[in-house]
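Q: Please take a close look at one part of this model, a sheet and what lies around it. A single connected account would suit me best.

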Amino acid sequence: MKLISILLLGNLSLALAFVSFTSTFNHPSLRKIPRYRATERYGGNDRDNHEEEMSPEEKEQFEEVVEAFLSDFSSSDAATNNGEGQSDFPSGFQTNPFSSSLKSAQTKSNLYSDEELFLVLKLHEDLQTCNEDRRDDYNDDEKANSDTEIDQFSSSWGVQELVVKTLQEDNTVPLATGLPKTPTFQTIDIDEKLQARSNRIRAIASDVDGTILTSKMSVHPRTRLALKRAIQSASSWASGKQKGDDKSSSGNRIQYFFPATGKSRLGALDSLGIELGSLVSQSCGGVYLQGLYCVDPNGRVVFEKKLDQSAICAAEILAEETCVSVVGYDGDNLYTTNQTDIVRHLHEHYGEPLPVLLPKLQDDPDEQNTVRKLASHKASMHKLLLMDNDVDKLTHIVRPKLEELASHHGACVTQALPTMLELLPGGCSKAIGVEKLCQALDIDPCTELLAIGDAENDAGMLRMACIGVAVGNASPPAREASDFVLEFTNDQGGAGVAIELFAL
């Protein structure tokens, strides 16, 4: 594997082919070849990586596959030098193995467009999905039959043919029976008035969980690429403005991108991963904790509000009576009265800081052997979460009581996930936080903001924005509040599609 990486380094075309090769290597037809490393994501935690030494027979089989794969490039190189044109790359690099099938690409300044890069990555994802689906859906006997079926498929379509067909968006490639279909741009019909409004977009606000993040708490390649382009545009605009270069700043239509989430700032940045999290941290503002903590791109707090102590006390009593877990947010510090499984799941799956018990008061001997209540935290809390895996209990028993409680203590209730209810200060919401940050950035959200979301707590933001887009997995309240509902879900790069359609 290291040998392949070295050979492909610096060569975009070969790197694309390597992505496809690794996809095929994950394919059930090559299941007998062992992987050196396998990482399984379970409950939001990456388990330890396990290394397995290859046996002599397995190593020989692996080397045969590598040799056969590399021989494809040699034959393609020979074909190119025998009359199909000169190399697309400087001397010392192998020629593009797909140049004969993608002649239109030779006229581009960049060999592959962003769309083509995404399609290759999508091929990789589809093959892996096929592999996972067949492991989940068949017993051992049926797996043997499905392996034979896939072997026949893989023998009729080689790596090169798969990539070429993918880049050409040829729907005749039979990836797998029953493979979930991803919508294409050709199926998207945008109203002319909505398209005209998109020309005025200067800022993008996007929810994180269920929108940017997939159900596996990762970022889809299309969404990652679109976010990086939007952040790059915003950074270039800010740099040009700082230097007084009006021409440079005017060439970048998107001037701001920021996450708008119920998560803490630390939890949101960590969930986005090192690359995106660093970009957002360094050059973007953000609306966090359901709009209760908002910062501009320079890190200056532009709006903040916390719960009244009486509301916290009443909510804790309700949590005890209904036997649900409770977590309080004070910025990036999360506190609880009992570290239950669902409380730990908040950290392990959703990437929030681990909720801890409030520290004991050293000068109060009566509290040395008791758990401190959240209401005793003098700095107060931005919001509370009431959580339980029994969705029916939360919906029909806890929520009505919590809403009645909120009405008597200057608070309000919202919901982002079925297993969590959120108690916020009265008159606050994610939409209010977005409005406050837009005001600080001199953005009119009603005419210049693209908002993207999926849940009830996103509805106000989607309704307020110039263009509100709900991803394909959105809840009914979010769909009803949006201007446009995508077929693409968060697992299909829906947030990236929204940015490409209306902002880039």
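A: Two strands pair if DSSP finds at least two bridges between them. With that in hand, the sheet can be read strand by strand; note that the model is predicted.

The sheet is open and has six strands, in the order E12-E11-E10-E13-E15-E14, and its pairing is mixed. At its edges are strand E12 (356-357) and strand E14 (411-417), each of which pairs on one side only. At the E12 edge, the partner is strand E11, residues 333-336, and these two strands run in the parallel sense, joined over two bridges. Within this pair, Tyr 335 is opposite Val 356 of E12.

A helix also belongs in this picture. Helix H14, made of residues 341-348, lies across four strands: E10 (325-330), E11, E13 (383-387) and E15 (420-425). Its direction makes an angle of about 40° with E10.

One more residue can be described, from another stretch of the chain. Asp 296 sits in the loop that links strand E8 (293-295) and strand E9 (301-304). Is Asp 296 buried or exposed? Asp 296 counts as buried, because its relative accessibility is 7% and the cut-off for buried is under 20%.

The side chain of Asp 296 has polar partners in the backbone. It reaches the backbone nitrogen of Asn 298 at 2.9 Å, and one of its polar atoms lies 2.9 Å from the backbone nitrogen of Arg 300. Beyond the neighbours within four places in sequence, Asp 296 is in contact with Cys 284, Gly 285, Val 302, Leu 437 and Leu 441.

Definitions and conventions: Residues numbered from 1 in each chain as written. Predicted model: local features only at pLDDT ≥ 70, side-chain atom pairs only at ≥ 80, totals over all residues. Heavy atoms only, no water. Contact = heavy atoms within 4.5 Å. Axes fitted to C-alpha atoms, helices over the stretch in contact; angles between N-to-C directions. Buried < 20%, exposed > 50% of the residue type's maximum accessible area, 1.4 Å probe, protein only. Polar contact = N/O pair within 3.5 Å; in protein donor to acceptor, adjacent residues only side chain to side chain.
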